[in-house]
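Dear colleague,

I am handing over the structure we spoke of, and below it you will find my notes on the empty spaces in it. Please look through the structure before you read on.

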Amino acid sequence: MLGFRSLILSALNVCLVVMRVVASNIDFLLLAMVFEASAKVIDGKAVAKQIRDEITGEVSRMKDAIGVVPGLAVILVGDRKDSATYVRNKKKACQSVGINSFEVHLPEDTSEQEVLKHISVFNDDPSVHGILVQLPLPCHIDEQSILNAVSMEKDVDGFHPLNIGRLAMRGREPLFIPCTPKGCIELLHRYGFDIKGKRAVVIGRSNIVGMPAALLLQREDATVSIVHSRTKNPEEITRQADIIISAVGQPNMVRGSWIKPGAVIIDVGINPVEDAKSPRGYRLVGDVCYEEACEVASAITPVPGGVGPMTIAMLLSNTLTSAKRVHNFQ
């Protein structure tokens with residue numbers, strides 16, 4: 001009799017285990033379906049247009065009130081097609097909001113002293129409120145010397161060491177914040193995502209995006225980890241994040257298995273991959289595998305159309321801020 005009772009109890013235990021497994025699988029599937037159904041596309045194009053419209057209004061108001069039009073100067077050295085495209089897009093963006101644009105295009109073999117001379121001219125020109133040196137520079141020119149020469153008050157790219165230093169210190173305010181990281185945070189704000197107290201992971205530690213993005217998240221009271229090329233167990237660390245900002249330049253590196261259900265993803269990467277179906281022979285993808293991420297994340301930026309438009313919008317915003325500061329215009 002006791003043996004029979006033990007057999008019955010064992011069978012019941014097995015049934016309970018099976019039921020728990022089935023229930024947990026159902027829960028997982030339901031969770032995946034919920035996030036797949038509610039995954040939101042963070043539309044950088046739409047937000048950037050909204051910001052540009054706001055800037056257009058402010059530029060017009062400033063011109064009417066005190067007769068001043070913000071001005072942005074861009075220095076391009078060499079003939080890189082991608083750099084020329086970026087400069088052309090920035091010029092068009094300035095025109096679209098009423099900001100004056102000044103451009104100097106120098107040949108590849110221009111000396112460092114010649115570039116410094118043009119920076120000095122723009123530093124002293126009161127009609128120029130922002131100076132941008134298009135990177136990368138030819139290898140014979142020292143990038144740090146060039147960036148350090150830009151007046152801190154006109155450093156709308158936010159790369160001057162004093163601006164970065166102020167960004168890193170509590171209780172100090174930089175005059176300008178680097179445009180791409182600033183655009184990432186602006187997207188989170190405009191879509192109403194809480195940052196305070198959240199666990200954030202930044203993938204990549206470049207001076208242009210990764211490092212300042214981590215500093216900005218810290219300023220927003222997030223708990224921040226940085227994943228880089230020497231990080232052990234990057235997948236495990238990233239899977240803990242409520243917010244992921246990826247800026248590493250590796251196509252589809254972040255897979256769905258790296259992502260915590262419900263996480264918010266800002267994908268800065270713009271990577272060309274071969275695509276025979278595309279007229280260009282390639283298509284652009286991010287650092288994050290978009291199709292897999294959409295099944296797990298609650299929100300994600302597309303590539304293209306996510307962070308890219310925000311970078312130029314933030315450049316225009318920084319230029320307007322500079323002009324307002326110089327003329328004490330509220």
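By class, the residues that line the largest pocket divide into 25 nonpolar, 12 polar and seven charged. Please keep in mind throughout that this is a predicted model. The volume of this largest pocket is about 1500 Å³, and of the 44 residues in its lining, those closest to the centre are Y86, T180, I270, G308 and T311. Two or more lining residues come from each of α3, β4, α7 (179-190), β9 (271-274), β10 (282-285) and α11 (307-326), and among these α11 gives the largest share, with six residues.

Apart from the pocket, there are enclosed spaces to consider, and a search of the whole structure finds two cavities of 30 Å³ or more.

The largest cavity has a volume of about 50 Å³, and the residues around it are I131, L132, V133, L147, V150, D155, D157 and F159. Six of these lining residues are nonpolar and two are charged, while none is polar. Strand β4, which covers residues 130-133, contributes most to this lining, with three residues; β4 is also listed among the elements that give two or more residues to the lining of the largest pocket.

The second largest cavity holds about 30 Å³ of space, and its lining is made up of L72, V74, V87, K90, K91, C94, S101, F102 and E103. At least two of these residues are supplied by each of β2 (71-77), α3 (81-97) and β3 (100-106), with α3 giving the most, namely four. The classes here are five nonpolar, one polar and three charged residues. Helix α3 thus deserves a second look on your screen, as α3 also appears among the elements that give two or more residues to the lining of the largest pocket.

For the wider setting, the protein has 11 helices and 11 strands, and 43% of its 330 residues count as buried. Among contacts between residues at least 6 apart in sequence, 69% join residues at least 24 apart. The accessible surface comes to about 17400 Å², and 56% of that surface belongs to carbon and sulfur atoms.

With kind regards

Notes
Residues numbered from 1 in each chain as written. Predicted model: local features only at pLDDT ≥ 70, side-chain atom pairs only at ≥ 80, totals over all residues. Heavy atoms only, no water. 1 Å grid on protein atoms, 1.4 Å probe; cavity = no way out; pocket = protein on both sides within 12 Å on 5 of 7 lines; lining within 4 Å. Points joined across faces, edges and corners; volume = space filled by probe spheres on them. Nonpolar A, V, L, I, M, F, W, Y, C, P; charged D, E, K, R; others polar. Buried < 20%, exposed > 50% of the residue type's maximum accessible area, 1.4 Å probe, protein only. Contact = heavy atoms within 4.5 Å. Areas by Shrake-Rupley, 256 points an atom, 1.4 Å probe, with all protein chains shown as cover.
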